Amino acid sequence: MNGVTGRMGHRQHLVRSVLAIREQGGIDLGDGGVLWPEPVLVGRREHALRDLAQRHGLEHWTTDLDGVLADPSIDIYFDAQVTSAREEAVTKAVAAGKHIYCEKPTATGLDGALELARLARAAGVKNGVVQDKIFLPGLRKLKRLIDGGFFGEILSVRGEFGYWVFEGDWQTAQRPSWNYRAQDGGGIVSDMFPHWEYVLHELFGAVRTVQAEVITHIPRRWDEQGKPYEATADDAAYGVFRLEGGAVAQINSSWAVRVNRDELVEFQVDGTEGSAVAGLRNCRAQHRSATPKPVWNPDLPVTESFRDQWQEVPDNEEFDNGFKAQWELFLRHVVLDEPWSWDLLAGARGVQLAELGLRSSAEGRRLDVPELSL
Ligand SMILES: NC(=O)c1ccc[n+]([C@@H]2O[C@H](COP(=O)([O-])OP(=O)(O)OC[C@H]3O[C@@H](n4cnc5c(N)ncnc54)[C@H](O)[C@@H]3O)[C@@H](O)[C@H]2O)c1
């Protein structure tokens, strides 16, 4: 597991996924056997790895990636490093015959992302990319509504993602500074469009066109050492996507917006038979039979509470951490050869959408999103 000292690598992948799987006694394989992940922590800073290993009672850690890749007892290479470091490390791991699981975006450009997918296919190694959002309770409930035919024809999707990321001068920033430097692989488009690609694709239909307005609202920020730097990467993107099947999706992504929503991301879906608003955890719905009939009259105060007219969609099941749920499926795919679709080619589609989103904004036009194949 490379990059486990980072925000995602540590909290979501090590603690909430792999260590949580061990705490629950491994993964029951159903035949009396148990799958037990044994992580080797990999990174650049010896002291940070040693501390982390000690804190979690883990035996194996190293700063020697080549050495660990040469070890035939290691099956899987996992990567949650900064995006710009991923391509080189994953390429090495494929060459060493390891199965690959990694964070998104899989590379900093489409060519590199496709090359990784091709290399993995040619080497015959299993491969997967983190697509955690579709495993979140809110989106799982939304998917249940779609599968149950609740919406009728889906007309449109409106997504609102974002929160204020502090500049770092009078309050420290809550995201790493590389996120705001284009030269280091940062930018909200490269970070979030890969998520929007698989969310839209899996729930509503593949993205066929993209039109985006991408901007850097806050041009100067302060880094982890309190030093000012120029924010060369985009921190907001206003995107419109045409989907296979005809629905239109609009998604605003911004690190320069203050939250006036129930959750940090929300998607409103409007269909002929009903509508729903889903966040990370919750999902509320309104059927056509319970739809109010407001009449536009700016001379009168609002007479009803529109927000109260929505019905909470019940959980009906227990939801595990989304990262852990996907880890379990990937490990089962590797060991039991169970079906799996979130591979490096799917990861490349996310990188493609980010690249086209940036180009659409730079060129001021709507772009087609060609279907990818290897
Ligand atoms: N799935 C998600 O929801 C999600 C959310 C946030 C980030 N991510 C992805 O996870 C990856 C890591 O993001 P993060 O927010 O955890 O970043 P982070 O800066 O907190 O961690 C980065 C990790 O990479 C290591 N690293 C390796 N080479 C480095 C280099 N040259 N410079 C700096 N650090 C280096 C660091 O030591 C650290 O362990 C990114 O690719 C990001 O796109 C995914």
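Mentor: Two strands pair if DSSP finds at least two bridges between them; strands (E, at least two residues) and helices (H or I, at least four) are DSSP runs numbered from the N terminus. The model is predicted: local features need pLDDT of at least 70, side-chain atom pairs count only at pLDDT 80 or more, and totals for chains, interfaces and linings use all residues. Residues are numbered from 1 along each chain as its sequence is written, and side-chain values use heavy atoms, without hydrogens and water.

Trainee: How many bridges join strand 15 to strand 16?

Mentor: Strand 15 covers residues 274–278 and strand 16 covers residues 283–287. S275 stands opposite Q286 of strand 16. The two strands run antiparallel, and the number of bridges joining them is five.

Trainee: Which are the edge strands of the nine-stranded open sheet?

Mentor: In this sheet the strands follow the order 17-16-15-14-8-13-12-9-18, with mixed pairing. Each edge strand pairs on one side only. The edge strands are therefore, by the pairing rule of at least two bridges, strand 17 (311–312) and strand 18 (367–368).

Trainee: Which helix gives the largest share of the largest nonpolar core?

Mentor: A nonpolar core joins buried Ala, Val, Leu, Ile, Met, Phe, Trp, Tyr and Cys residues through side-chain atoms within 4.5 Å. The largest has 75 residues, and those with the most contacts inside it are L142, F193, L200, F204 and F241. Nine of its residues, the largest share, come from the helix spanning residues 188–203, namely helix 7.

Trainee: Why does this core lie between two domains, and which are they?

Mentor: The bounds come from an automatic or database domain assignment. The core lies between the two domains because both give residues to it: domain 1 (7–132 + 323–343) and domain 2 (133–317).

Trainee: Which residue beyond position 300 is in contact with F241?

Mentor: Contact means heavy atoms within 4.5 Å. Neighbours within four places in sequence set aside, F241 is in contact with F193, L200, V207, T209, V210, A247, V248, A249 and I251. The list is completed by L353.

Trainee: In the open sheet of three strands, how do the strands pair?

Mentor: The order is 5-6-7, with strand 5 (76–79) and strand 7 (127–129) at the edges. Strand 5 and strand 6 (residues 99–102) are linked over four bridges. I76 stands opposite H99 in strand 6, while Y77 has I100 as its bridge partner. The pairing in this sheet is parallel.

Trainee: Which residues of strand 6 point the other way from H99 and Y101?

Mentor: H99 and Y101 point one way from strand 6, and all four residues of this pattern are buried. The two that point the other way are I100 and C102.

Trainee: Is H13 buried or exposed?

Mentor: H13 is placed in helix 1 (residues 7–23). Buried means under 20% relative accessible area, exposed over 50%, and partly exposed in between (1.4 Å probe, protein chains only). Because its relative accessibility is 0%, H13 counts as buried.

Trainee: Which side chain makes a polar contact of 3.0 Å with that of H13?

Mentor: A polar contact pairs N or O atoms within 3.5 Å; within protein, one must be able to donate a hydrogen and the other to accept it, and residues adjacent in sequence count only if both atoms are side-chain atoms. The side chain of H13 makes one with the side chain of E103, at 2.8 Å. Beyond four places in sequence, H13 is also in contact with residues including M1, F78, V130 and F323. The partner at 3.0 Å is W327.
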